[in-house]
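These are my notes from a session with a single chain. I began with one residue and worked outward to the whole fold.

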Amino acid sequence: MANSYDSGRLDLPFVGISTFGKRPYQPDWNALEADVAILGAPFDAGTQWRAGARFGPRGVREASTLFSFGHAGAYDHEDDVTYLPASVRIVDMGDADIIHTDIEGSHANIEAGVRAALGAGALPVVIGGDHSVNIPCIRAFDDQGDIHILQIDAHLDFVDERHGVRHGHGNPMRRAAEQPYVTGLTQVGIRNVSSTAREGYADARSMGSDIISVRQARELGTQALLARIPVGARIYITLDIDAFCPSIAPGTGTPSHGGFLYYEVLELLQGVAQGHEIVGIDLVEVAPDYDPTGSTTVLAAQVLLNLLGFVFHARGAE
């Protein structure tokens, strides 16, 4: 019987070049024509403990080929929706150039990539890299109007300065909160031993943060948790893979037990996409070498593809 898989090459996941979801590669950032632009940010010089997130973009791209079957989107029988139909144009920009030992130079190159995506009218999706790559991502929104940040993470990442370091992976949410166009932050999943001292939590709340732990999020439930996000806010999502329990996501530099399981995050993301305009996404801190099973990279790729499906279904993609 004929079906939607019969046209074109079979193009199995292990065949060909590992762009994100096996989507087209566009290395010329001045020629982007897309609804979604995927940018790798393979930078981990901002980490305070285990390195390895520089290999995150490559690992997530390879894992994403698992979800490249078919030519007409992905059908979800629970939602009775075909997500990411062919009308949603996704391109892979490749990686921002990284300059070893040079945080500012590397961050500037990441920022240029995000600006190129925004300039082309595409939704920028950045795959890190450590969480410091969020700093240049947010800088690139300085001419995009007001945004609210939804951070899903184990750590608050609100350190102002530590031994002169202001742009490491413990600083990004502080740097974001300082921007006049960032109207506030909803920080979900924060737990256990944090990268931020007590005064940092006080600073975060005084600068517009709503801080919610995993246990608090579970007690609230998805709908009440969604109600904590300001109505009408344009949302930038930053997702640290260590928000998940290391029992399902061990491939990260700073694992923290007690994290979320898959559907807890997925349902939050689906609700946010349904109720808000999503203007940018980054997913960070995947360090594939700590997970020989590959399940962490598969989780990251699956979450990103599902989130993109939710975003464009909410926009009316058919």
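**Entry 1: a starting residue.** I opened the predicted model and located Gln187, which is found in strand β7. I then asked whether Gln187 is buried or exposed. Its relative accessible area is 0%, so I recorded Gln187 as buried, the cut-off being under 20%. I next listed what Gln187 touches, leaving out residues up to four places away in sequence. The contacts are Gln151, Leu156, Phe158, Met173, Ala204, Ser209, Asp210, Ile211 and Ile212.

**Entry 2: the neighbouring strand.** Ser209, Asp210, Ile211 and Ile212 on that list led me to strand β8, which covers residues 209-212. I looked up how β7 (residues 182-188) is joined to β8 and found four bridges, with the two strands running parallel. Within this pairing, Thr186 stands opposite Asp210 of β8.

I then checked which way the residues of β8 point. Ser209 and Ile211 point one way, while Asp210 and Ile212 point the other way. I noted the rule that side chains in a regular strand alternate between the two faces of the sheet. All four of these β8 residues are buried.

**Entry 3: the sheet.** I traced the strand order next. Eight strands form an open sheet, in the order β4-β1-β5-β10-β9-β6-β7-β8, and the pairing is parallel. Which strands stand at the edges? They are β4 (90-95) and β8; each has a single partner strand, so one side of each is left without a neighbour in the sheet. From one strand to the next, the twist averages 15°.

I also examined a pairing further inside that order. Strand β9 (residues 234-240) pairs with strand β10 (residues 277-284) in the parallel sense, over seven bridges. For Arg234, the bridge partner in β10 is Glu277.

**Entry 4: helices against the sheet.** I looked up helix α2 (residues 103-119) and found that it lies across β1 (36-41), β4, β5 (123-128) and β10. Relative to β1, α2 runs at about 175°.

Helix α1 (residues 56-64) is mostly covered, with seven of its nine residues buried. I listed these as Gly56, Pro57, Gly59, Val60, Arg61, Ala63 and Ser64. They pack against β1, β4, β5 and α9.

That last contact sent me to helix α9 (residues 295-314). I compared its span with expectation: at 1.5 Å a residue, its 20 residues should span 28 Å, and the end C-alpha atoms are 28 Å apart, which agrees. Helix α9 is also mostly covered, since 15 of its 20 residues are buried. After α9 comes Gly316, for which I noted a positive phi, near 90°.

**Entry 5: the whole chain.** I closed with the overall figures. The chain has nine helices and ten strands. Its radius of gyration is 18 Å, close to the 20 Å that the globule rule gives for 318 residues, so the chain is as compact as a globular protein of that length. The C-alpha trace spans about 65 × 45 × 40 Å along its principal axes.

For burial, I recorded that 54% of the 318 residues count as buried. The chain exposes about 13900 Å², of which carbon and sulfur atoms supply 52%. Finally, I looked at contacts between residues at least 6 apart in sequence: 78% of them join residues at least 24 apart.

Note on methods
Residues are numbered from 1 along each chain as its sequence is written. This is a predicted model: local features need pLDDT of at least 70, side-chain atom pairs count only at pLDDT 80 or more; totals for chains, interfaces and linings use all residues. Side-chain values use heavy atoms; hydrogens and water are left out. Buried means under 20% relative accessible area, exposed over 50%, partly exposed in between (1.4 Å probe, protein chains only). Two strands pair if DSSP finds at least two bridges between them. The expected span of a helix is 1.5 Å times one less than its number of residues. Axes are lines fitted to C-alpha atoms, for helices over the stretch in contact, and angles run from 0 to 180 degrees between N-to-C directions. Contact means heavy atoms within 4.5 Å. The radius of gyration is taken over C-alpha atoms; the globule rule is 2.2 Å times the number of residues to the power 0.38. Accessible areas come from the Shrake-Rupley method with a 1.4 Å probe; for residues, only the protein chains shown count as cover.
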